[in-house]
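Open the model in your viewer and keep the sequence panel beside it. The stops below give what to select and what is there.

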Amino acid sequence: MPTYAMRTQITLTVNWLATATLALGLTPLLTGCGSKNANDDGTIVPEVPSTTATSPQSVTSTGSLTDIIDKTGHLSLLKEAITEAGLSDKLKTGSLTLFAPTDEAFKAAGYTKAVLDTLPVADLQRILQYHLLNSRLSGSTLVPGTPSTISTALVTASVTLFKAADGQVYANASRVVQPDIGATNSVMYVIDKVMPVPSQTTVELIRANPELSLFRMAVERVGTTISSVLLSPTERGITVFAPSNAAFRAAGYTNEDAVRSADIPRLTEVLRYHILNSRAFAPTLRTGDVTTAQGTAITVTIGAKGTTITGKGNPAVAGNLLQTDLTSTNGVVHVIDRVLLPTGVSQ
């Protein structure tokens, strides 16, 4: 189990793309970071990881980043986005790192050629900037098990890179399917998902999710002790395992009045127990204990049916991940179906 408190901070210089960051938000196609499954009655059900794997096509071309993309068939939508954004020439020079989504990744995010052709240039530039670093990054510099927070060419945003013990690399929740593709003075990593550009703080993201209204009220009940943590601007970010409304009701907070009248010291300990002091995207979670902002650990278990999270104070039933990888400007949120309790806090 990686020690999430250990982080590698990589500082990169932001230069030529900084002027493009004045765009006012993105199409809704990219703002929904996690997936959500629902029963007919509207209740969300746990995500189960796919067991189907396909062999990615390989990039074999050489030249600048633009040259390689132009010559690679399964990067045609990336080529379209770069062309529409007017960034083809920029990718021919400088020392850069590009995380390149495949055509399947673009389509899965809702970006067909027709959609890309209609997006404002500023939006396309923001998407591409978030997939670009203004420095060449070698995968060999990543320490296995130690997430690295890296500034992107989108001045206000960073990505988290994670190398697993088996060498697999992730960029946020995206899996690198072909690493270290050398280009002229630059390098490219092909990824299997478009990385959604974060536009909300963690608090704003929680407020906007109707499944988290009781969690939001609990945060408001406790006050700045928790809200200050959720608004933490630290480079390494935070992770929140946010119990759904149904989870709060099952834990005895049957309605809004119950949350408003909850014991503040107890509720504070419970909420802090759902926060990690670093970003941990779902694909990078590993089986084992992880220390929380409350000071004690929760247990992560990776199984055939998905990932579960267990509290030390109520270990009989584990919490399932209902929504994952909801990316905020300062962290990531996972919605779970159980309120976790630390040792010493009764149900």
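Start by selecting G223, which follows helix 8 and has a positive phi, near 95°. Helices (H or I, at least four residues) and strands (E, at least two) are DSSP runs, numbered from the N terminus. The model is predicted, so local features need pLDDT of at least 70 and side-chain atom pairs count only at pLDDT 80 or more, while totals for chains, interfaces and linings use all residues. Residues are numbered from 1 along each chain as its sequence is written, and side-chain values use heavy atoms, with hydrogens and water left out.

**Helix 8**

Step back from G223 into helix 8 and select L214, F215, M217, A218, V219 and V222, which are buried. Buried means under 20% relative accessible area, exposed over 50%, and partly exposed in between (1.4 Å probe, protein chains only). An α-helix has 3.6 residues a turn, so residues three or four places apart point the same way. Now show the surroundings: the cover over the buried residues of helix 8 includes helix 7 (202-208), helix 9 (224-230), strand 11, helix 10 (245-250), helix 11 (256-260) and helix 12.

**Helix 8 against helix 12**

Keep helix 8 (residues 213-222) and add helix 12 (residues 264-272); they pack at an angle of about 125°, with axes 9 Å apart. Axes are lines fitted to C-alpha atoms, for helices over the stretch in contact, and angles run from 0 to 180 degrees between N-to-C directions. The two helices are therefore oblique to each other; angles under 35 degrees count as roughly parallel, over 145 as roughly antiparallel, 65 to 115 as roughly perpendicular and the rest as oblique. Which residues make the contact? On helix 8 they are F215, A218, V219, R221 and V222, and on helix 12 they are I264, L267, T268 and L271. Contact means heavy atoms within 4.5 Å. By type, the contact residues divide into seven nonpolar, one polar and one charged. Here Ala, Val, Leu, Ile, Met, Phe, Trp, Tyr, Cys and Pro count as nonpolar, Asp, Glu, Lys and Arg as charged, and the others, Gly among them, as polar.

**Strand 11**

Next select strand 11 (residues 238-243), where six of six residues are buried. I238, V240 and A242 point one way from the strand, and T239, F241 and P243 point the other way. Add strand 17 (residues 331-336), which pairs with strand 11 in the parallel sense over six bridges; two strands pair if DSSP finds at least two bridges between them. A242 has V335 of strand 17 as its bridge partner. Then add strand 12 (residues 275-276), which runs antiparallel to strand 11 and is joined to it by two bridges. There, V240 is partnered by I275.

**Helix 3**

Move to helix 3 (residues 76-85) and colour L77, L78, E80, A81, I82 and A85, which are buried. These residues pack against helix 2 (65-70), strand 4 (97-101), helix 4 (103-108), helix 5 (113-118) and helix 6 (121-130). G86 follows helix 3, with a positive phi near 75°.

**Two positive phi values outside glycine**

Select D180, in strand 9 (residues 174-183). Its phi is positive, about 50°, although D180 is not a glycine. D180 is partly exposed, with a relative accessible area of 39%. Then go to N185, in the loop between strand 9 and strand 10 (186-191); N185 has a positive phi near 65° and is likewise a residue other than glycine.

**Whole chain**

Zoom out to finish: the protein has twelve helices and 17 strands, and 53% of its 347 residues count as buried.
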